[in-house]
Amino acid sequence: MTGSTGLAARFSTLSPLASGGGNPHIASMPQERSDTPAEGRLPAAPLAVTRLVLTNFRSYASARLTVDCRPVVLTGPNGAGKTNLLEAVSLLAPGRGLRRAKLTEMDRRPSADADPVGAWALSATAETPAGPVQIGTGRDAGSESGERRLVRLDGAPAKSQAALAEHVNVVWLTPQMDRLFLEGSSARRRFLDRLVYGFDPGHAARLAGYEQAMRERAKLLRDGAGDASWLTALEIQMAERGTAIAAGRRHVVELLDRACAEGIGPFPQARMALTGLLEDALADQPALAVEDEFRAKLAGARRVDAESGVTTLGAHRSDFSVRHVKSGMPAAHCSTGEQKALLISILLAHARLQAGMRGATPLLLLDEVAAHLDAARRKALFAELLALGAQAWLTGTDEILFEGLEGQGQFFGVVDATISPR
Ligand SMILES: Nc1ncnc2c1ncn2[C@@H]1O[C@H](COP(=O)(O)OP(=O)(O)OP(=O)(O)O)[C@@H](O)[C@H]1O
Ligand SMILES: [Mg+2]
């Protein structure tokens with residue numbers, strides 16, 4: 001599927017493909033975008049997916065989409081494949097994607113009781129401030145568990161999926177996240193950590209390393225192997241990485257808290273706070289002292305952890321909270337609509353900060369968001385996305401919800417896993 005056009009002018013200083021460079025989709029782009037940034041703010045250089053090919057992914061046997069850097073609007077009936085497409089985009093960043101599904105679950109099944117036809121694969125071109133990147137990713141059917149994800153960057157195998165964070169930064173809002181403030185802290189931590197990737201791509205690898213060390217320590221304790229020096233080595237890794245993870249989170253929460261305190265148009269002012277053993281300790285101690293103390297605490301907790309089967313202390317237990325400034329209410333006590341608006345405030349503040357600091361806005365995947373906003377808020381959201389120059393991917397069942405984006409977004413209809421330009 002080929003969408004219309006794009007931003008050759010904006011890539012001209014960034015990418016060798018700007019003047020053609022062998023990429024037919026970019027070569028055919030016209031010179032200017034039609035939106036004008038609000039309040040004189042210039043859009044950042046875009047981060048954008050310009051080509052996406054899906055193979056055996058969910059309901060798609062195969063599909064190809066070519067777009068430019070403007071917002072992408074996907075409309076179609078329930079079950080058409082809109083969220084599946086957003087999930088595919090979310091897998092261009094590290095992690096399990098916006099549904100947190102198992103990799104095998106994403107293999108296409110021709111029917112509910114049929115076996116999958118093969119391992120899924122995605123191929124994409126991402127335009128980044130550093131130039132275009134070719135990304136390939138998919139399930140490694142040959143791996144022992146069947147749950148290993150392969151990643152290739154510009155044709156070369158990447159050591160781990162964390163390498164994707166160096167190139168692509170994706171954040172999302174889905175209907176499931178309506179419960180983000182009501183449920184356990186792990187989903188909020190994941191939400192925050194994804195925001196941190198945008199500021200520090202190394203955060204993804206650090207988290208993966210921390211979790212790996214934590215799993216190995218838990219296994220040693222469970223097996224009662226009693227290899228004290230190996231346990232100490234793992235606890236050193238957990239302490240180093242955990243402290244760096246907590247420091248990264250603190251930094252981003254501070255930045256976001258300041259940015260969200262302003263509010264964005266009709267989206268509410270929000271205050272954010274972070275709590276956790278390491279985050280709290282970093283408020284008044286140097287990182288090295290926090291690291292040493294955490295290592296000592298882990299060593300001291302071996303017996304308790306062995307008995308309970310859980311790692312009782314660490315960066316995996318932190319939480320972050322959000323408060324609605326105007327009402328003074330914690331987000332959990334706000335209405336569903338207010339909670340959604342708070343999340344939008346945070347994502348927009350994050351995108352603004354990213355534009356200013358990294359020179360590129362993240363990809364924003366907004367699943368069913370328009371349907372939950374009134375007309376004024378929809379209009380304000382679209383105006384902000386256009387002003388930011390962000391490539392947002394928006395879904396909805398009805399095109400009428402996207403009125404403010406007419407002529408400025410790329411509209412596709414999705415029906416039975418077939419994508420067509422509108
Ligand atoms: N592994 C799979 N193989 C084949 N089909 C799948 C697989 N996983 C999900 N599906 C199907 O994909 C279809 C489209 O799902 P998707 O969530 O993308 O729809 P949607 O367009 O977002 O709909 P809604 O408007 O209801 O949110 C569903 O009918 C679902 O059964
Ligand atoms: Mg959907």
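How many helices and how many strands are there in the protein? I looked that up before anything else: 11 helices and 14 strands. A reminder to myself that this is a predicted model.

**Overall numbers**

I checked burial next, and 47% of the 422 residues count as buried. Then I turned to contacts between residues at least 6 apart in sequence: 72% of them join residues at least 24 apart.

**The antiparallel sheet**

I traced an open sheet of 6 strands, and its order reads β2-β1-β4-β5-β6-β7, with antiparallel pairing. Its edge strands are β2 (60-66) and β7 (156-157), each of which pairs on one side only. Inside this order I picked out β5 (residues 131-140) and β6 (residues 148-153), which run antiparallel and are joined by 6 bridges. For a landmark I noted D140, which stands opposite R148 in β6.

Which strands does α3 touch when it packs on this sheet? I found β1 (48-57), β2 and β4 (121-128). The direction of α3 makes about 110° with that of β1.

I stayed with α3 (residues 82-90) for a moment to see how covered the helix is. The count is 9 buried out of 9 residues. The buried set takes in charged and polar names such as K82, N84 and E87, along with L85, L86 and V89.

**The mixed sheet**

I then followed another open sheet of 6 strands, in the order β8-β11-β12-β3-β13-β14, where the pairing is mixed. Here the edge strands are β8 and β14 (418-421), and each pairs on one side only. From one strand to the next, the twist averages 20°.

I walked in from the β8 end. β8 pairs with β11 (residues 363-366) in the parallel sense, over 4 bridges. W172 is a handy marker there, since I see W172 standing opposite L365 in β11. β11 also pairs with β12 (residues 392-396), again parallel, over 3 bridges. In that pairing L364 stands opposite A392 in β12.

Are the side chains of β8 (residues 170-173) buried or exposed? V170 and W172 point one way, V171 and L173 point the other way, and I have all of them down as buried.

**A hairpin-free note on β9 and β10**

Next I looked at β9 (residues 270-275) and β10, which pair in the antiparallel sense over 6 bridges. M272 has V322 in β10 as its bridge partner.

Which residues of β10 (residues 319-324) point to the buried face? I wrote down F320, V322 and H324. D319, S321 and R323 point to the other face and are not buried. I set this beside my β8 entry, where the residues pointing either way are buried.

**The core**

Last, I went to the largest nonpolar core, which has 112 residues. The residues with the most contacts inside this core are V89, L92, L365 and W393. Where does the core lie relative to the domains? It lies between domain 1 (1-169 + 358-422) and domain 2 (183-354), because both give residues to it.

I followed up on W393. Leaving out residues up to four places away in sequence, W393 touches V72, L74, L86, V89, L363, L365 and L366. Two of my earlier stops come back in that list: L86 and V89 belong to α3, and L365 is the residue that W172 stands opposite.

Notes. Residues are numbered from 1 along each chain as its sequence is written. Chains are lettered from A and ligands numbered from 1 in the order in which they are written. This is a predicted model: local features need pLDDT of at least 70, side-chain atom pairs count only at pLDDT 80 or more; totals for chains, interfaces and linings use all residues. A residue is buried if 20 or more other C-beta atoms lie within 10 Å of its own, exposed if 12 or fewer, and partly exposed in between; C-beta atoms are placed from the backbone. Two strands pair if DSSP finds at least two bridges between them. Two residues are in contact if their C-beta atoms, placed from the backbone, lie within 7 Å. Axes are lines fitted to C-alpha atoms, for helices over the stretch in contact, and angles run from 0 to 180 degrees between N-to-C directions. A nonpolar core is a set of buried Ala, Val, Leu, Ile, Met, Phe, Trp, Tyr and Cys residues joined through C-beta atoms within 7 Å. Domain bounds come from an automatic or database domain assignment.
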